[in-house]
Amino acid sequence: MTNETAFVYRFEPAEGAGAPPLLLLHGTGGDENDLLDLGRMLSPGSALLSPRGRVLENGMPRFFRRLAEGVFDEDDVRRRAIELADFVDETRGRLGIGAPVAVGYSNGANIAAAMMLLRPGTLSGAALLRAMVPLSDPPRADLGGIPVLIASGQMDPIVPSSNSAKLADILLDAGADVTYRTLPVGHQLARADLVLTREWLELAKEQAK
Ligand code: MLT
């Protein structure tokens, strides 16, 4: 691995076969430890790969730079999405795991969406919790029917529902199998996310058989 793509990360190997590896991507100010419990609850036995975002905003880790809340530095989004995809590809080769399903929250969901559009094939699916459109002019990608869940919050003060609906359209146009749900919650993760994402993962697992 080169220094350019060196991420701090946690890895938990799979226990048993059949559960897809999860790529856990935290929100702004989080780190590689944040979503491990969620990953274990979502898919017991799955291998868990959880990197820490390499950008610091006032000391808070993120996966790409932003100019203001909800206004992204899109050159940086592109660069960091490719860097993260390189890390995932290299690391999964070394650890012997398959293409993971991303579970991303907020900034982590946004980089997962960017990664799917810029490097289709790195992920085998994605649960995007409180995601926004990461690129105003995304490349044409072929997502070949991979399952994507978008869970937005009805009272989310950061992500307008029109924005997450637009992301759903972009991913649908790119050929993803999109499930779009609005939960009666705000930007924070809630129990409803756990229940919804667990059910969606189960279904995605069945359909992949
Ligand atoms: C982002 O910057 O990716 C989104 O605005 C969400 C956030 O991290 O607060």
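These legends walk through several close-up views of a predicted model.

**View 1. The open sheet and its order of strands.** Here we look at seven strands that make up an open sheet with mixed pairing. Reading across, the order is β1-β3-β2-β8-β9-β10-β11. Strands β1 (9-12) and β11 (177-183) are found at the edges; each has a single partner strand, so one side of each has no neighbour in the sheet. From one strand to the next, the twist averages 10°. As background for this view, strands of a sheet pair through backbone hydrogen bonds, and they do so either parallel or antiparallel.

**View 2. Strand β2 beside strand β3.** Zooming in on the sheet, we find strand β2 (residues 22-25) running parallel to strand β3 (residues 48-51), with two bridges joining them. Leucine faces leucine here: leucine 22 stands opposite leucine 48 in β3, and leucine 23 stands opposite leucine 49 in β3. Have a look at both faces of β2, since each one is covered. Leu22 and Leu24 point to one side, Leu23 and Leu25 to the other, and all of them are buried.

**View 3. Helix α5 on the sheet, with threonine 197.** Helix α5 packs on the sheet and touches β2, β8 (101-105), β9 (125-129), β10 (147-153) and β11. The direction of α5 makes about 170° with that of β10. Within this helix, which spans residues 191-208, you will find threonine 197. Threonine 197 has a relative accessibility of 1%, so it counts as buried, the limit being under 20%. Setting aside neighbours within four places in sequence, threonine 197 is in contact with Leu42, Ala127, Leu129 and Leu149.

**View 4. Two helices crossing, α2 and α3.** Helix α2 (residues 74-95) packs against helix α3 (residues 107-118) at an angle of about 80°, and their axes are 9 Å apart. Angles of 65 to 115 degrees count as roughly perpendicular, which is why α2 is described that way relative to α3. On the α2 side, the contact is made by Val77, Arg78, Arg80, Ala81, Ile82, Leu84 and Ala85. On the α3 side, the contributors are Ile111, Ala114, Met115 and Leu118.

**View 5. An edge-to-face pair of phenylalanines.** A search of the whole structure turns up three aromatic pairs. In the pair shown here, the ring centres of phenylalanine 64 and phenylalanine 72 are 4.9 Å apart and the planes are at 75°, so the pair is edge-to-face. That label follows because planes over 60 degrees apart count as edge-to-face. Phenylalanine 64 is buried, with a relative accessible area of 0%. Phenylalanine 72 also counts as buried, at 12% relative accessibility. One more neighbour to spot is arginine 62, which lies over the face of phenylalanine 64 at 5.1 Å from the ring centre.

**View 6. An aromatic cluster with an arginine over one ring.** Phe7, Tyr9 and Phe87 are linked into a cluster by ring pairs. Look for arginine 54 as well: its charged end sits over the ring of phenylalanine 7, at 5.5 Å from the ring centre.

**View 7. Two residues with positive phi.** If you like checking backbone torsions, this view is for you. Most residues other than glycine have a negative phi. Serine 106, though not a glycine, has a positive phi of about 55°. Serine 106 lies in the loop between β8 and α3 and is buried, with a relative accessible area of 13%. Arginine 130, also not a glycine, has a positive phi of about 65°. The place of arginine 130 is the loop between β9 and β10, and it is buried at a relative accessible area of 1%.

**View 8. Glycine 186 in the loop between β11 and α5.** This last view is centred on glycine 186, in the loop that connects β11 with α5. At 23% relative accessibility, glycine 186 counts as partly exposed. Not counting residues up to four places away in sequence, glycine 186 touches Arg130, Gly153, Met155 and Asp156. Arg130 will be familiar from the view of positive phi values, where its phi is about 65°. Along the chain, glycine 186 and proline 139 are 47 residues apart, and their C-alpha atoms are separated by 30 Å.

Notes:
Residues numbered from 1 in each chain as written. Predicted model: local features only at pLDDT ≥ 70, side-chain atom pairs only at ≥ 80, totals over all residues. Heavy atoms only, no water. Phe/Tyr/Trp six-rings, centres within 6.5 Å; stacked < 30°, edge-to-face > 60°. Buried < 20%, exposed > 50% of the residue type's maximum accessible area, 1.4 Å probe, protein only. Lys NZ or Arg CZ within 6 Å of the ring centre and 35° of its normal. Helix = DSSP H or I, 4+ residues; strand = E, 2+ residues; numbered from the N terminus. Contact = heavy atoms within 4.5 Å. Pairing = 2+ DSSP bridges. Axes fitted to C-alpha atoms, helices over the stretch in contact; angles between N-to-C directions. Parallel < 35°, antiparallel > 145°, perpendicular 65-115°, else oblique.
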